[in-house]
Amino acid sequence: MSPCLKGGGTPPRIAAMLVLIMMVWGINIPVVKQIAGVMEPVWVGTVRLVVAAVVLSICLWWRDRAWPKLSRRQIRLLALMAVLMVYANQLFFTSGMRL
């Protein structure tokens with residue numbers, strides 16, 4: 001059973017990680033607003049997407065020491081989701097920050 005479920009509260013390490021995540025998430029908006037003032041939204045979205053892909057790839061490799069085996073259909077669907085759900089979101093988000 002998890003220590004969180006025993007009524008002992010959140011372990012300090014997890015609480016610290018959650019606070020760090022909230023800080024990074026909170027800093028995200030003003031930083032993007034500043035960057036959007038000097039770069040085109042397409043480039044801001046592209047840089048953010050590439051940085052996220054590299055960081056997540058490193059985390060995935062570090063955890064499993066292998067790449068997941070994906071079918072061609074899964075790769076096509078992942079690419080479609082990356083473009084529509086991630087990159088388009090970044091473009092709209094960055095464009096909104098320029099207003």
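**Reading a predicted helical model**

Me: Where does helix 3 bend, and by about how many degrees?

Reply: Helix 3 bends by about 30° at Ala82. The bend at a residue is the angle between axes fitted to the seven residues ending there and the seven starting there. Helices (H or I, at least four residues) and strands (E, at least two) are DSSP runs, numbered from the N terminus. Please note that this is a predicted model, in which local features need pLDDT of at least 70, side-chain atom pairs count only at pLDDT 80 or more, and totals for chains, interfaces and linings use all residues. Residues are numbered from 1 along each chain as its sequence is written, and side-chain values use heavy atoms, with hydrogens and water left out.

Me: Where is the kink in helix 1?

Reply: The kink in helix 1 lies at Asn28, shortly before the proline Pro30, and amounts to about 30°.

Me: What span is expected of helix 1 and what distance does it reach?

Reply: The expected span of a helix is 1.5 Å times one less than its number of residues. Helix 1, with 25 residues, reaches 36 Å from its first C-alpha to its last, close to the 36 Å expected. Helix 3, with 26 residues, reaches 36 Å between its first and last C-alpha, close to the 38 Å expected.

Me: Which residues of helix 3 are buried?

Reply: A residue is buried under 20% relative accessible area, exposed over 50%, and partly exposed in between (1.4 Å probe, protein chains only). In helix 3 the buried residues are Tyr87, Ala88, Gln90, Thr94 and Met97. Gln90 is buried because its relative accessible area is 13%. Its C-alpha lies 8.1 Å from that of Pro41, although the two are 49 residues apart in sequence.

Me: Is Thr46 buried, partly exposed or exposed?

Reply: Thr46 belongs to helix 2 and is partly exposed, because its relative accessibility is 26%. The C-alpha atoms of Thr46 and Tyr87 are separated by 7.3 Å, with their positions 41 residues apart along the chain.

Me: What can be said of Leu99, in the segment after helix 3?

Reply: Leu99 has 83% relative accessibility, so it counts as exposed. Its C-alpha is 9.3 Å from that of Gly37, which is 62 residues away along the chain.

Me: What is the sign of phi at Arg65?

Reply: Most residues other than glycine have a negative phi. Arg65 is not a glycine, yet its phi is positive, about 60°. Arg65 sits in the loop between helix 2 and helix 3 and is exposed, because its relative accessibility is 52%.

Me: How many aromatic pairs are there?

Reply: Rings of Phe, Tyr and Trp (its six-membered ring) pair if their centres lie within 6.5 Å; planes under 30 degrees apart count as stacked, over 60 as edge-to-face and the rest as tilted. By this rule there is one aromatic pair. The ring centres of Trp61 and Trp67 are 5.2 Å apart and the planes stand at 40°, so the pair is tilted. Trp61 is partly exposed because its relative accessibility is 36%, and Trp67 is partly exposed with a relative accessible area of 49%.

Me: Which elements give two or more residues to the lining of the largest pocket?

Reply: On a 1 Å grid over the protein atoms alone, a pocket is an open set of points where a 1.4 Å probe fits, with protein on both sides within 12 Å along at least five of seven lines; lining residues have an atom within 4 Å of a point. The largest pocket has 26 lining residues, and Arg48, Leu49, Val51, Ala52 and Ala53 lie nearest its centre. Helix 1 (12–36), helix 2 (41–64) and helix 3 (72–97) each give two or more residues to that lining. Helix 2 gives the most, with 11 residues.
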